[in-house]
Every structure is written in C-alpha cells, then in structure tokens.
Amino acid sequence: MSAISREDVAHLAVLARIELRPDELDRLATQLDGILDAVAAVRELAGDDVPATSHPMPLTNVTRPDEPRPCLTPAEALSGAPQVAEQRFRVPRILEED
C-alpha cells in the first residue's frame, strides 16, 4: 500500500496552489511514495553516531568587518541622473495609485 495517496497529493497541490490534472495526481503519488521510501532507507542507515547535516561539506560564511569608508555625496551620486527630485532619482511612475 502506498504511503502517500492520490488525495494526499491533491491536498498538497491545493496548499502549494498548483493545479494538477487527474493523471498527474496518480503519477506524482507514485513518485512521492518512491521518494519517501528512499528517505526511509537513508534514515535506517544513519545511526545515532551520524550527525544530521544540511550539506555534505562544512560551510563557513566569509564576511568582512563593517567599516565606514569614503563614499559619494548625494550631489555626486545624483550628478549623472537624467532627472532628480528632492535629492532622489526621479523615475517614471509604473503603478497607478487610487
């Protein structure tokens, strides 16, 4: 018996706001069941001495200190702008406001 039913897939599709045809529900139920079987097999192999990981290699985020540096003045930043309004770049309106 399948661990995930056609109705489960239909429910997941509604939650994800995905429209699926009836033939897709059957196909995805089979595929998702296969995925769940594979996850269960891995879970059986991983003992208590194997730590849970999200990536096979250790990752370290490389950052630099946040130090103030010289930058452009507002006038310098706006010097090449085609249009300026109130020390800001002026751009064409794309959304109508009510």
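**Salt bridges, helix packing and loop residues**

A salt bridge joins the side chains of Glu24 and Arg21, with a nitrogen-to-oxygen distance of 3.6 Å. The structure in which this pair is found is a predicted model, and the values given below were computed from its atoms. The two partners differ in their exposure, as Glu24 has a relative accessibility of 15% and counts as buried, whereas Arg21, with 48%, counts as partly exposed. The assignment of Glu24 follows from the cut-off, because a residue is taken as buried when its relative accessible area is under 20%.

In the structure as a whole, the search returns 4 salt bridges. One of them is formed by the side chains of Arg6 and Asp26, where nitrogen and oxygen are 2.7 Å apart. This pair connects distant parts of the chain, since Arg6 belongs to helix H1, which covers residues 6–15, and Asp26 to helix H2, which covers residues 22–45, with the two positions 20 residues apart along the chain. Both partners are partly exposed, the relative accessible area being 32% for Arg6 and 41% for Asp26.

A further salt bridge is found between Arg88 and Glu86, whose closest N and O atoms lie 3.8 Å from each other. Here both residues count as exposed, Arg88 at a relative accessibility of 53% and Glu86 at 70%. Elsewhere, Arg21, Asp23 and Glu24 are joined into one network by salt bridges that share partners, and the pair of Glu24 and Arg21 described at the outset involves two of these residues.

The packing of the two helices H1 and H2 was examined next. Their axes come within 8 Å of each other and cross at roughly 105°, so that H1 is roughly perpendicular to H2. On the side of H1, the contact is made by Arg6, Val9 and Ala10, and on the side of H2 by Pro22, Leu25, Asp26, Leu28, Ala29 and Leu32. Sorted by class, the residues of this contact comprise 7 nonpolar and 2 charged residues, with no polar residue among them. Arg6 and Asp26, which take part in the contact, are also the partners of the salt bridge at 2.7 Å.

Helix H2 itself has 24 residues, for which a rise of 1.5 Å a residue leads to an expected span of 34 Å; the C-alpha atoms at its ends are 35 Å apart, in agreement with that expectation. The buried residues of H2 are Glu24, Leu25, Ala29 and Asp33, and H1 is included in what covers them. In general, an α-helix has 3.6 residues a turn, so residues three or four places apart point the same way. Another residue of helix H2 is Ala41, which is partly exposed with a relative accessible area of 37%. The C-alpha atom of Ala41 is separated by 14 Å from that of Ala3, although the two residues are 38 residues apart along the chain.

Two residues have a positive phi without being glycine. The first to be described is Arg17, which has a phi of about 55° and is located in the loop between H1 and H2. Arg17 counts as exposed, with a relative accessibility of 79%. Ala16 is likewise found in the loop between H1 and H2, but Ala16 counts as partly exposed, at a relative accessibility of 45%. Between the C-alpha atoms of Ala16 and Ser54, which are 38 residues apart along the chain, the distance is 23 Å.

The other such residue is Glu86, which also shows a positive phi of about 55° although it is not a glycine. Glu86 occupies the loop between strand S1, residues 84–85, and strand S2, residues 88–89, and counts as exposed at 70% relative accessibility. Gln87 and Pro74 are separated by 13 residues in sequence, while their C-alpha atoms are 6.9 Å apart in space. Pro74 lies in helix H3, residues 74–78, and, with a relative accessibility of 47%, counts as partly exposed.

Note on methods. Residues numbered from 1 in each chain as written. Predicted model: local features only at pLDDT ≥ 70, side-chain atom pairs only at ≥ 80, totals over all residues. Heavy atoms only, no water. Helix = DSSP H or I, 4+ residues; strand = E, 2+ residues; numbered from the N terminus. Buried < 20%, exposed > 50% of the residue type's maximum accessible area, 1.4 Å probe, protein only. Axes fitted to C-alpha atoms, helices over the stretch in contact; angles between N-to-C directions. Parallel < 35°, antiparallel > 145°, perpendicular 65-115°, else oblique. Contact = heavy atoms within 4.5 Å. Nonpolar A, V, L, I, M, F, W, Y, C, P; charged D, E, K, R; others polar. Expected span 1.5 Å × (residues − 1).
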